Amino acid sequence: MAAQTFLKILTFTGSVSASTLYSTYNFNPLEHLAGIAPYFEPQDPSISPDAPQGCVAERAAYLVRHSAIYANDFDFETYIEPFLEKLDNKTGIKWNRVPDLSFLDDWEAPVSDDEVSILTRVGRLEATRLGVDINFRYPHLRNPKRVWTSSAERTVKAAQSLARGLQSDEESINVVEIPERSESGADSLTPYKACPGYSGSTGSDESSKFQERYAKPLAARFNELAPDFNFTISNIFGMQQLCGYETVIRGKSPFCDLDLFRPDDWLSWEYAEDVRYHYNVGYGNKVSGPVGLPWLNATAELLLDNDAGKDAEDLYVSFTHRELPPMVVVAMGLFNNSEFSGANNINETMPLDRINYRRAWKSSNIIPFLGNIALERFNCTDAPGYKDDEYYRVLVNSAPQSLPGCSDGPGTLCSRDGFKEYLEERMSAFDEGFSDACGVEYGNSTDALSIYTDKSVGNGTAVEKRYNAFHSE
């Protein structure tokens, strides 16, 4: 099946009946699946990602989460595997007679324990297409000589797939693997793993409180339909996870059917995840900003440098896991629920007894599979009505974002002087740097990310592989 045709399958075809003659309401659960959403561009806000009139991109840096995998190990072990095992054990239930759940009569699990964390075919195709999209977005930029990636297999495979879409058949792109170490300080693409103050379980308690609130009635509903199964809150959560994972494996999933879970059910699932990410890698965790700031600083310096030598890249692309992009978002001050309110207790903007529908923090819009953050530098000499030539912009999944305190250029662009002031303000927004905020006690820690300028990277401190997408895998 051709790549383009296969990816089109991911478009959700379900619908909700209009309640009035002129209703235009429609709902796609695949766009509300937080960290397991297939890649999409949410247009949040709905501003064109094209270069503003009279502006031409000069440099860009991308931070990209790996593309779709069969399942995250925590999700599989905690929610999906227990549901699958229960389903195998409850052999006496005649599912073909159960409304809304009749598909379970001959449904087969899309993932096994051996496939956890492995990139799916859809994942490879998505990453390749992103490479093509970046190439088309910046026709005047030279392709990079290197793509950086953390050393996990799924991030490396995603980086290789992107290189396939980015390069021409006359080129080869080096894939530089940066080790995922527990004592690297901020100098890696997985700095949270070297932060003793960070725990992957943070936010689970708060999320569980909201999970119970929304999923308990759903469990009761399904138990009325199939009382012998004994649906639990964890089963409900795992079934909704299967909507996303099965879709990126098989192209579609019966768990996405809006007769099974209504739009309100999906918005509740999404909010439970938003709460978890808020406390885990968002504004609810004091280490988020200091962990994300080194990438912002390092890439900003690359783009600001007017004295870069001949070895400098026009385009920097780095791959990581789901934790780092939202931490960078916090460092940037984006998607902040309280930005315009003046509130000093941001946790109150994520209540656990109800959904904040007007929140800015929506993980589906930040870290779907292949979620990406771009920092761009523009030459706007020909932009009418603007006095400066050099401007900067941030994209999150192709959506232009206004930088807090700086919008003095075309669209969401920020002037060079304004961008430098913005960076200073972001650094001063955090009381401590990486090492102090994380409570680092090991030696040789650093608060800086140097992999892009360290000439030894690829020759001792990292693994560098010459990768030609047309001749190797």
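**Exercise 1.** In this predicted model, work out whether R377 is buried or exposed, then find its salt-bridge partner.

*Solution.* Start with the cut-off: buried means under 20% relative accessible area. R377 has a relative accessible area of 7%, so it is buried. Next, look for a carboxylate: the side chains of R377 and E390 meet in a salt bridge, at 3.3 Å from N to O. Now place the two ends: R377 sits in strand 5 (residues 372-379) and E390 in strand 6 (residues 390-396), 13 residues apart. E390 comes out at 14% relative accessibility, so it counts as buried. Finally, follow the shared partners: salt bridges join E58, R377, E390 and R416 into one network.

**Exercise 2.** Which parts of the chain does the salt bridge between D314 and R142 tie together?

*Solution.* Check the contact: the closest N and O atoms of D314 and R142 are 3.0 Å apart. D314 lies in the loop between helix 8 (288-304) and strand 4, and R142 in the loop between helix 3 (121-137) and strand 2, so the pair ties together parts 172 residues apart in sequence. Then grab the accessibilities: D314 is buried at 13%, while R142 is partly exposed at 43%.

**Exercise 3.** What stands opposite W148 in strand 3, and what is its bridge partner in strand 4?

*Solution.* Take strand 3 (residues 173-178): it pairs with strand 2 in the parallel sense over five bridges, and V176 is opposite W148. Strand 4 (residues 315-320) also runs parallel to strand 2, joined by two bridges. There, the partner of W148 is S318. As for cover, four of the five residues in strand 2 (residues 146-150) are buried.

Notes: Residues numbered from 1 in each chain as written. Predicted model: local features only at pLDDT ≥ 70, side-chain atom pairs only at ≥ 80, totals over all residues. Heavy atoms only, no water. Buried < 20%, exposed > 50% of the residue type's maximum accessible area, 1.4 Å probe, protein only. Pairing = 2+ DSSP bridges. Salt bridge = Lys/Arg side-chain N within 4 Å of Asp/Glu carboxyl O.
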